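Biologist: Could you walk me through how to read a few features of this model? I'd like the general idea, then the case at hand.

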Amino acid sequence: QVQLVESGGGLVQAGGSLRLSCAASGSIFSINGMGWYRQAPGKQRELVAVIPSGGSTNYADSVKGRFTISRDNAKNTVYLQMNSLKPEDTAAYYCNVRAVLSSGRYLEVWGQGTQVTVSS
C-alpha cells in the first residue's frame with residue numbers, strides 16, 4: 001500500500017508564508033498526479049493545486065500567484081509553498097496522491113490533513 005506523511009501546517013499571521021510537505025512511501029511503482037486540497041469548517045473540500053507527472057500545474061483561482069506546487073520525484077514528495085496568506089486560506093489541507101503500485105494496481109490515497117490557520 002501507500003502511506004502519506006504530511007507536515008508544515010501551523011498558525012501564521014496574514015501576509016506570512018508556510019510550506020507544506022507530503023511524502024509518499026510504500027510499494028510504489030510510479031506516481032502520476034500529486035496535489036493539495038483544503039477543507040474549511042462547514043465547506044466542501046476544494047482543489048488547491050495539482051501537479052501531474054508530466055505537463056502543467058493547475059491552481060484554484062483563489063491561490064494563483066500566491067501558492068506554488070512542486071514535486072521531488074526522487075523522494076516521492078510534493079510541496080506547497082504558500083505566500084501572502086490570507087485569513088480565508090484557513091483550512092485543513094490534504095495531500096492527494098495517485099499511484100501505480102508494484103502489483104500494477106492503481107491507487108488514490110489521501111493524507112491525514114494538516115491544519116493551516118491564518119490570523120488577521
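Modeller: Sure. Keep in mind that this is a predicted model. Let's begin with strand pairing: strand E3 (residues 18-26) and strand E8 (residues 77-82) run antiparallel to each other and share 6 bridges. To pick out one residue, Ala23 has Thr77 in E8 as its bridge partner.

Biologist: Which order do the strands of the open sheet have?

Modeller: The order is E1-E3-E8-E7, an open sheet of 4 strands with antiparallel pairing. Strand E1 (2-7) and strand E7 (67-72) are at the edges with a single partner strand each, so one side of each has no neighbour in the sheet. On average, neighbouring strands here are turned by 15° against each other, ignoring direction.

Biologist: Okay, on to the core. How many residues are in the largest nonpolar core?

Modeller: The general idea comes first: in soluble globular proteins, nonpolar side chains tend to be buried together. In this model, the largest nonpolar core has 34 residues, and Val2, Trp36, Leu80, Met82 and Tyr93 have the most contacts inside it. Strand E9 (residues 91-101) supplies the largest share of this core, with 6 residues.

Biologist: What is Met82 in contact with, leaving aside its neighbours within four places in sequence?

Modeller: Its partners are Gly16, Ser17, Leu18, Leu20, Arg66, Phe67, Tyr93 and Val116.

Biologist: Now a charged-looking name on my list. Where is Asp89 found, and why does Asp89 count as buried or exposed?

Modeller: Asp89 is in the loop between E8 and E9. Buried means under 20% relative accessible area, and Asp89 has 1% relative accessibility, so Asp89 counts as buried. The side chain of Asp89 also makes a polar contact with the side chain of Arg66, at 2.7 Å. Beyond four places in sequence, the contacts of Asp89 are Arg38, Arg66, Phe67, Ser84, Val116 and Val118.

Biologist: Last one, aromatics. How many aromatic pairs does the structure hold?

Modeller: There is 1 aromatic pair. Tyr37 and Trp110 form it, with 5.0 Å centre to centre and 65° between the planes, which makes the pair edge-to-face. The two come from distant parts of the chain, 73 residues apart: Tyr37 sits in strand E4 (residues 28-39) and Trp110 in strand E10 (residues 106-110).

Biologist: And are those two buried or partly exposed?

Modeller: Tyr37 has 14% relative accessibility, so Tyr37 counts as buried. Trp110 has a relative accessible area of 35%, so Trp110 is partly exposed.

How values were computed:
Residues are numbered from 1 along each chain as its sequence is written. This is a predicted model: local features need pLDDT of at least 70, side-chain atom pairs count only at pLDDT 80 or more; totals for chains, interfaces and linings use all residues. Side-chain values use heavy atoms; hydrogens and water are left out. Two strands pair if DSSP finds at least two bridges between them. Axes are lines fitted to C-alpha atoms, for helices over the stretch in contact, and angles run from 0 to 180 degrees between N-to-C directions. A nonpolar core is a set of buried Ala, Val, Leu, Ile, Met, Phe, Trp, Tyr and Cys residues joined through side-chain atoms within 4.5 Å. Buried means under 20% relative accessible area, exposed over 50%, partly exposed in between (1.4 Å probe, protein chains only). Contact means heavy atoms within 4.5 Å. A polar contact is a pair of N or O atoms within 3.5 Å; within protein, one must be able to donate a hydrogen and the other to accept it, and residues adjacent in sequence count only if both atoms are side-chain atoms. Rings of Phe, Tyr and Trp (its six-membered ring) pair if their centres lie within 6.5 Å; planes under 30 degrees apart count as stacked, over 60 as edge-to-face and the rest as tilted.
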